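This report describes the sheet, the principal helices and the ligand surroundings of one protein model. Please keep the sequence and the structure in view while reading.

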Amino acid sequence: MLGHIARRLGHQMSNGLKGMNLPHVLTKETHRHLQSPFDTICPVSMMSLWPFSGKPQDFSQPNSSWSPEMVRLYEHYNALCDAENENGEKKRGPWRKLPSYDRTIKYATGGVHLSKLVQAKARLFTRCIEEEGAAFEYVAFLNKVEKTCVCVFQAGHLLEGAPGHLHGGAIATMIDTVTGTLAGYLSGPVMTAYLNTNYRSPVPLGSVLLIHCALDRIEGKKIFVNCKVTSSDESKLHTEAAALFVSINIGPLFGTQS
Ligand SMILES: CCCCCCCCCCCC(=O)SCCNC(=O)CCNC(=O)[C@H](O)C(C)(C)COP(=O)(O)OP(=O)(O)OC[C@H]1O[C@@H](n2cnc3c(N)ncnc32)[C@H](O)[C@@H]1OP(=O)(O)O
């Protein structure tokens, strides 16, 4: 079945998508493959049936706009991703660096190809400005054992709110992104139900911030996550938040109920 749909998709791509019932194809394919982003990182045998293997660009790699503090924190958390066993051999540590794509659909196997079909010009809000350093520069790390996520965020000049300071909406956007990423990695596809945000102190534009998120609890379809945004040395609290995410079927996102 999967191979059949994939062949159909490939055929339709090469024929300019004429007559394609996208919701039908996408619901079947993306629902299967977006169940858990970990599935796409640790491939399961089923995925070998999917003929499209394009690798999306990871936008959370260091670039020349990153300040020394941003790079220092990136290297600090990156180092926690590797650990050594008693024989001095390298093994995977408790942390892992998460990739960051410019479309959430790219987390699915074959998502690079699907992204060309579904509103091709659409971009993830936090990755929609191409100039490096101008807006959201960030990298997130996940600790699946502790059910926590930390994001190192450098706030660019296009994110101004009050003069010289970071816009509250940009802060909320990043909190939504990081808490949503944690909820998504723990539970599969989710949507934000609420995001309660308390701004404690203003953030100078250009700052490097740490966004710490932790799972509070899971109750059925509901995933509660808390969050703190601090200065890079964690001495100053800028924002606190509590978020609720609800697990969803992704069918409705593509116009069907299944
Ligand atoms: C890895 C990838 C990286 C990806 C990296 C990028 C991550 C970006 C993340 C961005 C995420 C977004 O911004 S998403 C965009 C903003 N969010 C939205 O547009 C969501 C709009 N709202 C909805 O679609 C819906 O209301 C849902 C999905 C939230 C819930 O609808 P539903 O699925 O029908 O569920 P429903 O039965 O109503 O509720 C289920 C339970 O949740 C409770 N509940 C529902 N809403 C609320 C609420 N606001 N406040 C309190 N409780 C609520 C209900 O009382 C119920 O509790 P009980 O009776 O069971 O106890």
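## Helix α6

In this predicted model, helix α6 is mostly covered, with 14 of its 20 residues buried. Its length can be checked by simple reasoning. At 1.5 Å a residue, the 20 residues of α6 should span 28 Å, and the C-alpha atoms at its ends are 28 Å apart, so the two values agree. The expected span is 1.5 Å times one less than the number of residues. An α-helix has 3.6 residues a turn, so residues three or four places apart point the same way. After α6 comes glycine 188, which has a positive phi near 85°.

## The sheet

Strands of a sheet pair through backbone hydrogen bonds, either parallel or antiparallel. Here, seven strands form an open sheet in the order β3-β4-β5-β7-β8-β9-β6, and their pairing is antiparallel. At the edges are β3 (95-97) and β6, each of which pairs on one side only. From one strand to the next, the twist averages 20°.

Two helices can be placed against these strands. Helix α4 (residues 68-79) packs on the sheet and touches β3, β4 (136-143), β5 (148-155) and β7. The direction of α4 makes about 165° with that of β5. Helix α6 lies across β4, β5, β6, β7, β8 and β9, and runs at about 135° to β6.

## Pairs of strands and their turns

Strand β7 (residues 208-219) and strand β8 (residues 222-231) run antiparallel and are joined by 10 bridges. They form a hairpin with two residues between the strands, in which glycine 220 takes a positive phi near 60°. Strands β8 and β9 are likewise antiparallel, with nine bridges between them. Their hairpin has five residues between the strands, and glutamate 234 in the turn has a positive phi of about 65°. Nine bridges also join β6 to β9, again in antiparallel fashion.

Individual bridge partners show how these strands are aligned. Some of them are listed below.

| Residue | Bridge partner | Strand of the partner |
|---|---|---|
| Leucine 210 | Threonine 230 | β8 |
| Isoleucine 223 | Phenylalanine 245 | β9 |
| Lysine 222 | Valine 246 | β9 |
| Asparagine 196 | Alanine 242 | β9 |

In addition, leucine 215 stands opposite valine 225 in β8.

## The surroundings of the ligand

Which elements each supply at least two residues of the shell around the ligand? They are α6 (168-187), β6 (190-199) and β9 (237-247). Helix α6 gives the most to this shell, with six residues. Thus the mostly covered helix described at the start is also the element that gives the most to the shell.

There are 19 residues around the ligand, and those that come nearest are Gly180, Gly184, Met191, Ala193 and Val246. One of these, Val246, is also the bridge partner of lysine 222. By chemical character, the shell divides into nine nonpolar, seven polar and three charged residues.

How values were computed. Residues numbered from 1 in each chain as written. Predicted model: local features only at pLDDT ≥ 70, side-chain atom pairs only at ≥ 80, totals over all residues. Near = placed C-beta within 6 Å. Helix = DSSP H or I, 4+ residues; strand = E, 2+ residues; numbered from the N terminus. Nonpolar A, V, L, I, M, F, W, Y, C, P; charged D, E, K, R; others polar. Pairing = 2+ DSSP bridges. Buried ≥ 20, exposed ≤ 12 C-beta atoms within 10 Å, placed from the backbone. Axes fitted to C-alpha atoms, helices over the stretch in contact; angles between N-to-C directions. Contact = placed C-beta atoms within 7 Å.
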